[in-house]
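Have your viewer ready and the cartoon display switched on. We will go from one helix to the sheet beside it, one selection at a time.

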Amino acid sequence: MPDAPARLAQIVKAYDVRGLVGSQLTEELVAALGAGFVDEFGIRGDLVVGHDMRDSSAGFAAAFARGAQARGADVVSIGLCSTDETYFASGFYDAPAAMFTASHNPATYNGIKFAKAGAQGVSLDTGLAGIRDRAAAFLTEGLAEVATPGSIRQLDVLAAYASHLRDLVDLSGIRPIRIVVDAGNGMGGLTVPAVLGEAAGLAALPIEIIPMYFELDGSFPNHEANPLDPKNLVDLQRAVVEHGADLGLAFDGDADRCFVVDERGEAVSPSAVTAIVALREIARWREIEPDADVTVLHNLITSRIVPETIEAAGAIAVRTKVGHSLIKDVMAETGAVFGGEHSAHYYFKNFWGADNGMLAAMHVLAEFGNADAPLSELGRRFSPYSQSGEINSTVEDVPSAFARIVESFQARSTFDELDGLTVIGTVSQDEPFWWFSVRSSNTEPLLRLNVEAADRSTMERIRDEALALIRG
């Protein structure tokens with residue numbers, strides 16, 4: 001394949017592989033990536049491989065396994081699973097792993113998320129570039145088998161995964177609650193009945209689950225499995241109100257992200273969830289190590305309430321770039337007990353530093369299930385500011401858009417280039433606080449804008465001004 005480097009450059013992103021099935025991502029490419037993964041990390045033992053319910057996922061997982069076996073790895077196929085189930089297997093069995101999923105992307109996409117042993121992240125800076133380059137060489141020169149190719153065996157980890165999460169968050173003593181869960185035809189349809197129900201043979205919890213779209217279907221017949229887009233929450237919001245439920249949960253396609261809806265059908269922001277879970281994790285780790293410093297991560301898009309909450313609890317708030325593999329690295333570097341992102345990725349020290357939407361949902365259920373107030377009151381406590389939500393714009397000339405923003409705002413703000421461009425307004429008696437972030441997507445050709453301000457009118461004014469500059 002003479003154009004292998006160029007083709008791989010299209011699909012290997014900052015912290016995963018993502019591309020269109022057939023035209024960009026093929027079984028030949030995937031097999032080469034499997035071989036490249038094994039050689040890059042010198043894997044000579046178990047390699048966990050899991051996949052979601054997309055039509056192409058099982059075939060890609062098998063092709064990857066063939067490439068990995070050819071270079072000497074012993075593949076442990078865990079079959080249909082959520083991404084955080086793969087991280088569980090990687091952590092629990094201390095083995096590297098690959099998960100086939102395109103997360104929330106449409107059915108025409110697929111991809112790979114990699115982990116080193118112990119569910120450690122893999123990004124361009126920590127091995128993904130090497131995997132890409134080795135795969136390109138295999139595609140160009142041929143994929144030769146080692147003298148002793150690896151084996152393959154099947155392993156079902158769902159029951160062990162569910163039991164592990166139940167051990168981390170005890171829901172057995174909460175008051176009886178009714179929840180609606182929208183799995184979006186994704187892997188939540190497999191994991192929710194196992195973790196929150198009795199499908200994995202665990203004891204019943206005081207939780208009544210009203211299921212929506214639990215049928216595994218990679219064509220996503222009801223709506224895209226992307227709860228970050230408000231239109232994909234509409235069915236859940238309506239169902240919560242119609243059923244008189246206490247709250248609703250929505251999972252993305254690979255079920256590693258979870259979004260929360262209160263009893264009125266209104267979304268509880270991921271920033272509010274981050275603050276709620278942060279307080280629980282800070283308190284839990286304080287019981288374990290009363291005198292130790294406790295660190296919690298939040299990415300630069302989360303609400304200002306998140307670092308305020310962390311610091312008010314006496315912990316250290318660390319601001320990070322966006323991206324799951326990048327945040328996993330910072331979790332390891334800082335020893336953070338928890339980390340949260342605006343996109344509803346939540347990371348836990350006691351889950352090998354990996355992200356787990358189900359675990360975050362369980363924390364919300366535990367907090368709500370041990371309180372007398374409705375979830376809307378809890379959400380309101382941690383949502384004092386006005387946020388725009390993420391607004392995407394297709395922009396061909398990104399440097400020019402950034403230059404327009406700097407020129408327009410330089411007299412009334414400071415700038416931060418940690419990840420894209422963050423503009424922080426100068427607070428005065430006449431100007432309430434505001435900030436906004438503009439950053440390029442790591443997976444799509446978009447500029448993403450997020451705005452927050454002390455009040456709605458200020459947020460809307462800054463939002464509209466920033467959007468006009470971005471779109472030129």
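## Start at helix H12

Twelve of the 13 residues of H12 are buried, so to speak of this helix as mostly covered is fair by the cut-off of under 20% relative accessible area. Keep in mind that this is a predicted model.

Select residues 357-369 to see the helix. Then show side chains for its buried residues, among them Met358, Leu359, Met362, His363, Leu365 and Phe368. Glycine sits among the buried residues too, as Gly357 and Gly369.

Next, try a distance check between the end C-alpha atoms of H12: they are 18 Å apart. Why does that agree with expectation? At 1.5 Å a residue, the 13 residues should span 18 Å.

Now add Asn356 at the start of H12. One of its side-chain oxygens comes to within 3.0 Å of the backbone nitrogen of Met358.

## On to the sheet

Colour the five strands of the open sheet, which follow the order S9-S8-S10-S11-S12 with mixed pairing. Strand S9 (207-212) and strand S12 (267-268) are the edges, each pairing on one side only.

Zoom in on S10 (residues 247-251) and S11 (residues 258-261): these strands run antiparallel and are joined by four bridges. For one bridge pair, select Ala250 and its partner in S11, Phe259.

## Helices on the sheet

Bring in H8 (residues 234-242), which packs on the sheet and touches S8 (177-182), S9, S10, S11 and S12. The direction of H8 makes about 155° with that of S10.

Finally, return to H12, which also packs on the sheet, touching S8, S9, S10 and S11. Its direction makes about 175° with that of S10.

Conventions:
Residues numbered from 1 in each chain as written. Predicted model: local features only at pLDDT ≥ 70, side-chain atom pairs only at ≥ 80, totals over all residues. Heavy atoms only, no water. Pairing = 2+ DSSP bridges. Helix = DSSP H or I, 4+ residues; strand = E, 2+ residues; numbered from the N terminus. Contact = heavy atoms within 4.5 Å. Axes fitted to C-alpha atoms, helices over the stretch in contact; angles between N-to-C directions. Expected span 1.5 Å × (residues − 1). Buried < 20%, exposed > 50% of the residue type's maximum accessible area, 1.4 Å probe, protein only. Polar contact = N/O pair within 3.5 Å; in protein donor to acceptor, adjacent residues only side chain to side chain.
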